[in-house]
Every structure is written in structure tokens, then in C-alpha cells.
Amino acid sequence: MQIGAIEAGGTKFICGVGNEKGEILDRISFPTEVPERTLEQALEYFRDKSVEAIGIGSFGPINLDHFSPGYGHVTTTPKPGWTGFDFIGYIKRAYPVPIGFDTDVNAAVFGEAKWGAAKGLDSCVYYTIGTGVGVGVYTEGKLVHGLVHPEGGHVMIRRHSEDSFGGLCPYHGDCLEGMASGPAIEKRWGLKGSELPGDHKAWEMEAYYLAQAISGVILLLSPKKVILGGGVMHQKQLFPIIRKGVAHNLNGYVASPAILDDIENYIVPPTLGDNAGLCGALALGIEATGQRC
Ligand code: ADP
Ligand code: ZN
């Protein structure tokens with residue numbers, strides 16, 4: 001069985017094909033431009049691939065309500081041409097195969113739950129900390145959508161006592177994304193995250209914000225694993241500071257050995273690495289055929 005996968009990011013698109021074991025057999029990447037130009041390249045890529053289904057993990061916000069006429073559309077985005085664009089419809093007209101469609105972060109959490117850091121578990125959350133902050137939620141063996149879909153990057157957080165930065169979020173200013181995204185780090189310190197030394201004050205502050213959000217999500221959803229990915233998390237020194245912050249915030253209240261004794265294996269990086277999003281899209285495609293992966 002050959003399945004198509006699309007990781008539709010705000011800056012780049014990755015298309016690939018894979019099989020039911022979660023193996024990516026081929027992939028290409030190109031910049032995200034206006035929808036028609038971008039999707040024409042995706043359609044061209046799949047032309048000789050005879051895929052049985054296509055899975056899409058998309059930047060958002062997107063409409064995931066199967067009962068709405070706008071299902072499969074991108075809803076509101078500053079990206080030119082994408083607001084209101086019928087993403088699924090465009091693909092389906094060229095390839096009338098089953099299509100799995102979800103947010104990029106739900107795709108990533110799904111891939112990690114099927115084949116990655118949370119393999120075999122029926123719940124986990126996935127944070128991406130990059131250009132934005134996004135959260136994918138998988139619980140009781142299902143991806144969470146709810147009213148729209150989780151937007152855990154925009155939760156409110158308590159300000160660090162030494163932080164006077166106003167925050168970057170156009171909607172909320174100093175929400176988690178506004179304070180802890182890659183661009184927020186760059187604006188606050190005047191250097192890209194990748195250019196700051198590993199022992200810079202920035203990382204303690206970054207971990208302070210992420211630990212708050214993660215503590216909240218642990219209290220709310222009780223996930224069996226917390227996976228932290230995205231460009232900013234290439235700063236591996238963040239992991240121990242975040243774990244310490246979460247343990248400090250929870251203060252022994254969540255009485256699980258996973259947190260009390262083994263937090264190193266509870267708050268972890270993605271194991272699918274750069275393939276997390278594409279593997280997740282692949283899993284969405286497989287499940288769209290009616291099979292479980
Ligand atoms: P995107 O979110 O656009 O899909 P990334 O997850 O790579 O892409 O995130 C890009 C952001 O991560 C940028 O703001 C960049 O400055 C930051 N970033 C990338 N690499 C690093 C690094 N090694 N250390 C700290 N920040 C990084
Ligand atoms: Zn926000």
C-alpha cells in the first residue's frame with residue numbers, strides 16, 4: 001500500500017509517499033506560496049505515485065468540522081490567498097481517494113503516537129516551538145478537535161519577574177507564543193536563538209514559560225508523554241530546565257512515578273525528528289482508508 005503525505009507548513013510544503021509501517025519512501029520540499037501554485041506542485045509530485053489515500057497535516061487555523069460546508073478549508077491566515085481556501089476540495093478533484101486532514105501539530109502528535117516517542121501509548125501531547133507555538137493533543141486513542149481544534153500555543157502565562165518584553169502575538173501580546181516562540185526570543189534578545197550561547201539567560205526564561213504551559217496541560221489532560229519539538233528545541237539544554245520547572249510547579253501533586261521518578265522519559269524530544277510531521281500525515285492517510293496503523 002502506497003500512501004501520500006503532505007506536511008503543509010506556513011513557510012514550506014513537504015510531500016512524500018510512505019507505507020503502512022510508517023516508512024517514508026520518498027519526499028520533496030518546496031516553499032509555500034499562493035495556494036494554486038503550491039498545490040500544483042504537490043499534485044504534480046503525486047502524478048506518477050499511484051497513492052491509495054493522502055494524509056495532510058496543515059498549518060491553520062483550519063475547519064475540521066465534517067458537518068460544515070467549510071470542512072477542509074483554511075479559515076483565517078495572513079498568508080496571501082489561503083484564507084477560505086478549499087484545501088481538501090482542491091486535492092480531491094485531482095485525486096478522488098480517501099483524504100485524512102488535520103492540523104500540522106495533530107499530525108505530528110499522531111505520528112509520534114503511532115511510530116515515535118509515544119508508540120504504544122493512548123495519550124500524549126506534542127508541542128512545537130518554532131516560528132509559532134502549537135500543540136497537538138492525542139487522548140484516549142484519538143486526536144482532539146473539540147469546538148475548532150486546540151490552540152495551546154496561545155495560553156496565558158505568568159510573566160517572568162525579570163522580563164520586560166511586551167510579547168509578539170498579534171492577538172494576545174504576551175501569551176505563550178508571544179513570549180516563547182523563536183521570533184519572540186530573537187526580538188527580546190536581539191539575536192536569533194541559534195546565535196545565543198547555551199548558558200544565556202534566555203534559556204532559563206524560555207524554560208520558565210514552557211514549564212508553565214506544560215504543567216497546565218499535565219493538570220488538564222494527564223497525558224502519558226509530553227513531546228517537545230520545533231526549531232527552538234534544538235537547544236537541548238532546555239530539556240533539563242523545563243523538567244525541573246515542571247516538577248517544581250507540580251510540587252508532587254500529580255502522584256505518578258512517570259513525573260516523580262522518571263521525568264527524563266516523560267518530557268522528551270520527538271523520535272521521528274524531521275519526519276514527525278510527514279509520518280503523522282502518512283498516519284492520517286492510512287486511517288482515512290479505514291485501516292488502523
Ligand atoms: P517552523 O516553525 O517555521 O516550521 P522551525 O520549527 O524550524 O520552523 O522554527 C523556526 C524558528 O526556530 C525560528 O524562529 C528560529 O530562529 C528558531 N530556531 C531554529 N533553529 C534554532 C536553534 N538551533 N536554536 C534556537 N532557535 C532555533
Ligand atoms: Zn496569542
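In this predicted model, the zinc ion (ligand 2) is held by four protein donors, namely His154 (ND1), Cys169 (SG), His172 (ND1) and Cys175 (SG), at 2.1 to 2.4 Å. Along the sequence, these donor residues follow the spacing H-x14-C-x2-H-x2-C. The angles among the 4 donor atoms run from 102 to 119 degrees, and the site is tetrahedral. For orientation, the ideal angle for four tetrahedral donors is 109.5 degrees. Two of the donor residues can be set side by side in terms of accessibility: histidine 172 is partly exposed, at 35% relative accessibility, whereas cysteine 175 is buried, with a relative accessible area of 0%.

Turning to the helices, H3 (residues 104–115) packs on H9 (residues 276–288) with the two axes 7 Å apart and at an angle of about 80 degrees. Because angles of 65 to 115 degrees count as roughly perpendicular, H3 and H9 fall into that class. On the H3 side, the contact includes Ala107, Phe110 and Trp115, and these residues of H3 belong to a set that meets residues of H9, among them Cys279, Leu282, Leu284 and Ile286. Sorted by class, the contact between H3 and H9 comprises 11 nonpolar, 3 polar and 3 charged residues.

Helix H9 residues also appear in the surroundings of isoleucine 3, a residue of strand E1 (residues 3–8). Isoleucine 3 is buried, since its relative accessibility of 0% lies under the 20% cut-off. Its contacts beyond four places in sequence include Val17, Val51, Ala53, Leu282 and Ile286. Glycine 22 lies 19 residues from isoleucine 3 along the chain, with 9.8 Å between their C-alpha atoms.

Conventions
Residues numbered from 1 in each chain as written. Chains lettered and ligands numbered in written order. Predicted model: local features only at pLDDT ≥ 70, side-chain atom pairs only at ≥ 80, totals over all residues. Heavy atoms only, no water. Donors = N, O, S within 2.8 Å, 3.2 Å for Na, K, Ca; no water. Tetrahedral: all angles 85-135°; square planar, octahedral: opposite > 155°, others 65-115°. Buried < 20%, exposed > 50% of the residue type's maximum accessible area, 1.4 Å probe, protein only. Axes fitted to C-alpha atoms, helices over the stretch in contact; angles between N-to-C directions. Helix = DSSP H or I, 4+ residues; strand = E, 2+ residues; numbered from the N terminus. Parallel < 35°, antiparallel > 145°, perpendicular 65-115°, else oblique. Contact = heavy atoms within 4.5 Å. Nonpolar A, V, L, I, M, F, W, Y, C, P; charged D, E, K, R; others polar.
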